[in-house]
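The following note sets out numbered points for a colleague who is reading the model alongside its sequence. Please take the points in order, with the structure open.

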Amino acid sequence: VQLQASGGGLVQAGGSLRLSCTASGNILKISSTAWYRQTPGKERELVAIVSNNDGTKYADSVKGRFTISRDDAKRMVSLQMNDLKPEDIGIYYCNAGGLNRSWRSFTSWGQGTQVTVSS
């Protein structure tokens, strides 16, 4: 399973960006999709997740500003990021988990996309 992410870039504080990630390959069912971010010296942290079992969850730091959405028909997950702040800077990775056509579970990561916010 391959994940292709896009949409990062440079934006001023208070601005918006939209990240997208499309899954392809041997997929029977996607159970969860998420966005993580990583900054130098820190562990990769969960930003937002939407899963079949647990619904939608956000990191406290992005609640009210970020919105994750999933389009199962297109096998796409998006992250709308509004009111961006310098602390949102990082490399954002999409993640998907589910079952392939052999009924085996998979977890895949996208290649990462850089988000930079200028103050």
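1. Ile 49 stands opposite Lys 57 in S6. Strands here are DSSP runs of E with at least two residues, numbered from the N terminus, and two strands pair if DSSP finds at least two bridges between them. This is a predicted model, in which local features need pLDDT of at least 70, side-chain atom pairs count only at pLDDT 80 or more, and totals for chains, interfaces and linings use all residues. Residues are numbered from 1 along each chain as its sequence is written, and side-chain values use heavy atoms, with hydrogens and water left out.

2. The contact between Ile 49 and Lys 57 belongs to the pairing of S5 with S6. Strand S6 covers residues 55-58 and pairs with S5 in the antiparallel sense over four bridges. A further bridge partner in S6 is Thr 56, which is matched with Val 50. Three residues lie between S5 and S6, and the two strands form a hairpin.

3. On the preceding hairpin, strand S4 (residues 29-38) is joined to strand S5 (residues 45-51) by six bridges, and the two run antiparallel. Six residues separate S4 from S5, and in the turn Gly 41 has a positive phi of about 85°. Within this pairing, Thr 33 stands opposite Val 50 in S5.

4. Which residues does Thr 33 touch, not counting residues up to four places away in sequence? The contacts (heavy atoms within 4.5 Å) are Ala 48, Ile 49, Val 50, Ile 68, Arg 70, Val 77, Asn 95 and Ala 96. Thr 33 itself is placed in strand S4. Its relative accessibility is 5%, so Thr 33 counts as buried; buried means under 20% relative accessible area, exposed over 50%, and partly exposed in between, with a 1.4 Å probe and protein chains only. The C-alpha atoms of Thr 33 and Gly 97 are separated by 6.5 Å, although these residues are 64 apart along the chain.

5. A separate point concerns the open sheet of four strands, whose order is S1-S3-S8-S7 with antiparallel pairing. Strand S1 (2-6) and strand S7 (66-71) are the edge strands, each pairing on one side only. Neighbouring strands of this sheet are turned by 15° against each other on average, direction ignored; the axes are lines fitted to C-alpha atoms, and angles run from 0 to 180 degrees between N-to-C directions. Five bridges link S1 and S3 in the antiparallel sense, and Gln 4 has Thr 22 in S3 as its bridge partner.

6. The structure holds one disulfide, a term used for a pair of cysteine sulfur atoms within 2.5 Å. It joins Cys 21 to Cys 94, with an S to S distance of 2.1 Å. The torsion about the S-S bond of Cys 21 and Cys 94 is about 55°, so the disulfide is right-handed. Because Cys 21 lies in strand S3 (residues 17-24) and Cys 94 in strand S9 (residues 90-99), the pair ties together parts that are 73 residues apart in sequence. Both Cys 21 and Cys 94 are buried.

7. Two loop residues deserve a check of their backbone. Most residues other than glycine have a negative phi. Arg 75, however, has a phi near 55°, a positive value, and is found in the loop between S7 and strand S8 (76-81). With 29% relative accessibility, Arg 75 counts as partly exposed. Asp 83 likewise has a positive phi, of about 50°, and is found in the loop between S8 and S9. Asp 83 is partly exposed, at a relative accessible area of 39%.

8. Where does the charged end of Arg 44 sit? It lies over the ring of Trp 109, 4.7 Å from the ring's centre. Arg 44 also lies over the face of Tyr 93, at 3.7 Å from the ring centre. A charge is taken to sit over a ring if NZ of Lys or CZ of Arg is within 6 Å of the ring centre and within 35 degrees of the ring normal.
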